[in-house]
Amino acid sequence: MSIDKSTVSKIANLARIKVTEEDLDYYAPQLQNILSWAEQLQEVDTTGVEPLANVSEITLSLRPDVVNDGNIQQDILANAPETVEGFFVVTKIVE
Amino acid sequence: MSAIIKGATGDWEIVIGMEVHAQITANSKLFSGAATDFGSAPNSQVSLVDAAMPGMLPVLNEYCVEQAVRTGLGLNAQINLHSVFERKNYFYPDLPQGYQISQFLHPIVGKGVIEIDLPSGETKEIGITRLHLEQDAGKSIHDQHPTKSFVDLNRSGCALMEIVSEPDLRGPEEAAAYLTKLRMILRYLETCDGNLEEGSMRADVNVSVRKPGGELGTRCEIKNVNSIKAVQMAIEYESTRQVEVIENGGSIKQETRLWDPTKGETRSMRSKEEAHDYRYFPDPDLLPLVVEQSFVDQLKETLPELPDQKKHRFMQSYGLGAYDASVLIMERARANFYEEAAQGHDSKIVANWVINELLGALNKDGKTLEESQVTAKQLGALVGLISDQTISGKIAKDVFAEMMASGKDPAIIVEEKGLKQVTDTGAIEKIVDEVIAENPDNVAAYKGGKDKLFGFFVGQVMKKSQGKANPDMVNDLLKQKLS
């Protein structure tokens, strides 16, 4: 797969990052390099090899179903640009 | 509406698949220790994990895993011992992470099957494609301000099971039957409370139409259907719309449509093309989830008796018909009530009393079975009084009304009010004689061939005995005396 300007533009849009026209030219080869490296790795024959999620012998840790967090409304809202009666307030998002 | 639409160019078959989001019954969230209660103050049940503060890490709730496995077993499905959490990326103000942690390629539950009960009394098997675990998003409120939306993150991070069906459903009735059965199974398992109004169970409906037996048509996904009735109405509207589009030379575009309950129509959400580019990838914060077969086996052993098993047992061991059995098993509490009431009494008569009298009376008062004044033992005792001829079926209804009002034992009410059935031949004979003596004209008419007057005599005797005379004995004595 090759990364052209329109692909960079699409990725930027999906990530909600504003990228100028000149920067598209700057990022395209960088992303292309990363992708080429991944493509190179894919040349290795992994037939019969189980996918490896982690190199150390650890398993997913679980927690018991206990309520021991929350009740920090002030902290949660601390960075909100606007609040009303405990709600975050944002620009209207329905069409 | 059936599964077939009669179009201008012939018959069209409605094909439906469902995606049901069921909130898992648990104290805390899927990946954090914040509470999950419905209706709390906004943003009070939010941890720094749920608010997606930088550096916070998700830790999986083991009980939610258990609940998902139990549900999978209840759906007769394959449990995948190895499953993977992935990130589903999209932006929305009520999704602070910018992605939903979900399962994509490797869900915890694979293929299963459930049986639905159709209005005709027949059953049909519906395939379950998969069940996976995922986080819920927060809630946006759009109607409080002209230009702003309000966001509450209390629901953010609550555990959901997404249950996907095969496109095996045909027509609105089967869709309704599927939702009803699925909800019943979840409630029996106590893995989801199935509350459609509070949104703890939500359905997305995939609808397409095709010529019967032909290739599957292009589907539209309908969102915002939050009652079983709405699901049926949305399917009726949407399938008719699709047939019209196709028959007028158009084609169906695969899209998400919103059900508008006030206008009674579905409409395109006009989402941007790229909105569905979710760029799933394994969540680097979470290792694959591995469950042991022994854990699954252990859960299997503790599974309650499920609706279909219970229905068949009720039909076999209590001699009930399919309809009565299906009414009684609709809720676990109701089935338990029935079984307790039927203990030692005529099971068919008890079923009748539970379904027609008790549920009817509770429904009229707007009460649930849990709020019933009458206990299962008391209802059983009432049926016992009818069976041993202490009271007649007619008097029993009066006793029952008194039980509903006061919560007293039926035997005490019968005693206090002197409602005991008169089975003394002498006493009944005396009343019969009185009635015959008081109505010479009617006696003559009856003897002259007006058979219908027999009912009149029975009524008079019952009235004089204040309803307490044994009806069979009254019949016998009257026949004797009037012949």
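Which residue in β10(B) is the bridge partner of A:Phe88? In this predicted model, the partner turns out to be B:Val151. The pair belongs to a stretch where strand β3 of chain A, residues 87-91, runs antiparallel to β10(B), with four bridges joining the two. So much for the strand pairing; the rest of the contact between the chains can be laid out around it.

Counting residues, 33 from chain A are in contact with 40 from chain B. On the chain B side, the elements that put in two or more residues are β3 (60-61), α1 (62-74), β10 (148-152) and β18 (289-290). Of these, β10(B) gives the most, at five residues. As for chemistry, that side of chain B breaks down into 20 nonpolar, 13 polar and seven charged residues.

Now for chain B taken by itself. Its secondary structure comes to 15 helices and 18 strands, and the chain is split into three stretches: domain 1 covers 4-299, domain 2 covers 305-417 and domain 3 covers 425-482. The C-alpha trace spans about 95 × 55 × 50 Å along its principal axes. The radius of gyration is 30 Å, whereas a compact globule of 483 residues would come out near 23 Å. Buried residues account for 39% of the 483 in the chain. Looking at contacts between residues at least 6 apart in sequence, 69% of those in chain B link residues at least 24 apart.

How do domains 1 and 2 of chain B meet, and how many residues of each are in contact? Eight residues of domain 1 are in contact with eight of domain 2. On the domain 1 side, β7 (112-117) and α2 (171-189) are the elements that supply two or more residues, and α2(B) has the largest share, with four. That side of domain 1 is made up of three nonpolar, two polar and three charged residues. Measuring from centre to centre on C-alpha atoms, the two domains sit 37 Å apart.

Helix α2(B) turns up again in the interior. The largest nonpolar core holds 66 residues, and B:Ala175 and B:Val205 are the ones with the most contacts inside it. The biggest contribution to this core, ten residues, is made by α2(B). Setting aside neighbours within four places in sequence, B:Ala175 is in contact with B:Ile16, B:Met18, B:Leu169, B:Val205, B:Val231, B:Gln232 and B:Ile235. The two residues with the most contacts inside the core, B:Ala175 and B:Val205, are thus also in contact with each other. There is a second core as well, separate from the 66-residue one and made of 32 residues, among them B:Phe314, B:Ala351, B:Leu379 and B:Leu419.

Finally, a small piece of sheet architecture in chain B. Three strands line up as β6-β5-β17 in an open sheet with antiparallel pairing. At the edges are β6 (99-103) and β17 (281-282), each of which pairs on one side only. Strand β5, residues 85-89, is joined to β6(B) by five bridges, and the two run antiparallel. Within that pairing, B:Tyr99 in β6(B) is the residue standing opposite B:Asn89.

Technical notes: Residues are numbered from 1 along each chain as its sequence is written. Chains are lettered from A and ligands numbered from 1 in the order in which they are written. This is a predicted model: local features need pLDDT of at least 70, side-chain atom pairs count only at pLDDT 80 or more; totals for chains, interfaces and linings use all residues. Two residues are in contact if their C-beta atoms, placed from the backbone, lie within 7 Å. Ala, Val, Leu, Ile, Met, Phe, Trp, Tyr, Cys and Pro count as nonpolar, Asp, Glu, Lys and Arg as charged, and the others, Gly among them, as polar. Two strands pair if DSSP finds at least two bridges between them. Domain bounds come from an automatic or database domain assignment. The radius of gyration is taken over C-alpha atoms; the globule rule is 2.2 Å times the number of residues to the power 0.38. A residue is buried if 20 or more other C-beta atoms lie within 10 Å of its own, exposed if 12 or fewer, and partly exposed in between; C-beta atoms are placed from the backbone. A nonpolar core is a set of buried Ala, Val, Leu, Ile, Met, Phe, Trp, Tyr and Cys residues joined through C-beta atoms within 7 Å.
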